[in-house]
Amino acid sequence: PHKNHKKNSTTSSLTPKTGTAQTKKLVIKNLKQTPKIPENYYSSAWATLSGAVRAIYARVPVAESMEELYKAVENVCSHRMSSALYDDLRAECERHSKGHYETICGGDAVDVVAFLKILDQCWQEHCNQMIMIRSVFLFLDRTYVMQASGVLSIWDMGLILFKVHVAEQVDVKKRAVNGLLHLIAKERSGENVDRSLLKSLLRMFINLQMYRDDFEPPFLFATDQLYASEGREHVASDHFTVPDYLLHIDKRLRQESERVFHYLDLSTKPALITSVERQLLSCHLDSLLEKGFYVLIEGHRLSDLSLLYHLTSRVGGGTEKLCAAWSSLIKRWGFAIIVNLEKDKTMVQELLDFKDKLDEILHVAFQQNDKFVNCLRDSFEVFINKRLNKPAELIAKYVDGKMRSGNKEETDEDLERLLDKILVLFRFIHGKDVFEAFYKKT
């Protein structure tokens, strides 16, 4: 009985009794105290990081490896010291940015090009330094900067510092803009200049958002002044010829387009090209047409006429003025053929030759522009009817003569082409019944 009692007792201690069982929970308690970082942890980390920043600015090797510096920045940010780190970094960069100003203005660079080269060197160094600094503080840039509202990226912060403490300083900005305009003026006068220097400094103006307000307005003003003066001098010259001047305008337009390609910002091109077109072409277009259009037509200068058409189509109202000159010339020249009584025998052939010449100009130089096609038709209709009935009579005789001669002078194909041309002249004549009457008499 005693043994049985012991056995029952063991069983009851291991087996929970129904109705009295309780589930035990595993509880993990927090540490009683949060581990503390050393009191001088941040100052020690910043001493290391600021030393690296100073080494970068001094262009000397950094003592620590990039991995060690990156890890130091990550640790500081992990302990919620990002804001202090960013502020200290900004202050350190600001101090060195002010040093660039001293380098630029503290030297003896009186020469324009020398000054621009020093400015460009400082700008290039600043950009390279900010790239290296951003590499060190990349964790800060990708965490705190991206999350904090109104905080500039490290690169943008560097741009602002250089802009405020260097580029926007009155003496630096004035000398830089004047220097750039001086180099561009020299290039426009035919001298060789350092285009890579121009490109680098203008990219600096663009990156610092100073191009549109600080460089472009004085540049376009200088452009206006130059080409206004140049246009007046060329047109007033004793050696002035319209073909040469057209080539000069075309050359200047190509040169300015090349400047946009090589160093100016693309946004400047519309205003720049408009300035050249206005000062060299629009302001003198009436004079050009008056002095040279007849000469170009008379000499059958197809390439020059093509260039004139191309240039006038670029300016407001240019095509209309050229078309008006075209109409006036056709009427004047055609009327001279019609009213000359001594040339009645050759009138029809002269009209045909005149029409052939104008058709070639229309096709080659004026690209079959509808305005010029219609203008030619209307002008022919005006002058050919100035001498009532006579052109119709002479055309009738001319056709009869050709038909009577048969194929003695021309082949069938030549005769057919000639009749087609005569038909074109016939369409210009108002008194077509007169033509019919005269043709029947012959």
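**A buried histidine, an aromatic cluster and two exposed loop residues**

With a relative accessible area of 6%, His 100 is buried. This histidine belongs to helix α4, in a model that is predicted. Which residues does His 100 contact, once its neighbours within four places in sequence are left aside? The partners are Cys 122, Glu 125, His 126, Gln 129, Phe 162 and Val 166. The label "buried" follows because 6% falls under the 20% limit of relative accessible area.

It helps to set this residue against the whole protein. The secondary structure comes to 21 helices and zero strands. Of the 442 residues in the protein, 43% are buried. Among contacts between residues at least 6 apart in sequence, 77% join residues at least 24 apart. The accessible surface comes to about 25600 Å², and carbon and sulfur atoms account for 53% of that surface.

Aromatic side chains offer a good place to look next. A search of the whole structure finds 18 aromatic pairs. One of these joins Phe 354 and Phe 383, whose ring centres lie 6.4 Å apart with 55° between the planes, a tilted arrangement. The pair links distant parts of the chain, since Phe 354 lies in helix α17 (residues 347–364) and Phe 383 in helix α18 (residues 370–384), 29 residues apart. Are these two phenylalanines buried or exposed? Phe 354 is buried at a relative accessible area of 5%, and Phe 383 is buried as well, at 1%.

Phe 383 also pairs with Phe 380, again in a tilted arrangement, with 4.7 Å from centre to centre and 55° between the planes. Phe 380 and Phe 383 are three residues apart in helix α18, so about one helical turn separates them. Phe 380 counts as buried too, with a relative accessibility of 0%. These phenylalanines are part of a wider group: Tyr 294, Trp 333, Phe 354, Phe 380, Phe 383 and Phe 428 form one aromatic cluster.

Another aromatic ring, that of Phe 115, has a charged partner. The charged end of Arg 175 sits over the ring of Phe 115, 4.0 Å from the ring centre.

Two loop residues are worth a look for their backbone angles. Arg 80 is not a glycine, yet its phi is positive, near 60°. This arginine is found in the loop between α3 (66–78) and α4 (82–105), and its relative accessibility of 81% makes it exposed. Gln 209 likewise has a positive phi, of about 60°, although it is not a glycine. Where is Gln 209 found? The residue is in the loop between α10 (195–207) and α11 (211–236). Gln 209 is exposed, with a relative accessible area of 67%.

Finally, the cysteines. A disulfide is a covalent bond between the sulfur atoms of two cysteines. How many disulfides does the model contain? The count comes to zero, judged by whether a pair of cysteine sulfur atoms lies within 2.5 Å. Individual cysteines can have contrasting surroundings: Cys 93 is buried, with a relative accessible area of 0%, whereas Cys 283 is exposed, with a relative accessible area of 51%. Cys 283 takes the label "exposed" because 51% is over the 50% limit.

How values were computed: Residues are numbered from 1 along each chain as its sequence is written. This is a predicted model: local features need pLDDT of at least 70, side-chain atom pairs count only at pLDDT 80 or more; totals for chains, interfaces and linings use all residues. Side-chain values use heavy atoms; hydrogens and water are left out. Helices (H or I, at least four residues) and strands (E, at least two) are DSSP runs, numbered from the N terminus. Buried means under 20% relative accessible area, exposed over 50%, partly exposed in between (1.4 Å probe, protein chains only). Contact means heavy atoms within 4.5 Å. Rings of Phe, Tyr and Trp (its six-membered ring) pair if their centres lie within 6.5 Å; planes under 30 degrees apart count as stacked, over 60 as edge-to-face and the rest as tilted. A charge sits over a ring if NZ of Lys or CZ of Arg is within 6 Å of the ring centre and within 35 degrees of the ring normal. Accessible areas come from the Shrake-Rupley method with a 1.4 Å probe; for residues, only the protein chains shown count as cover.
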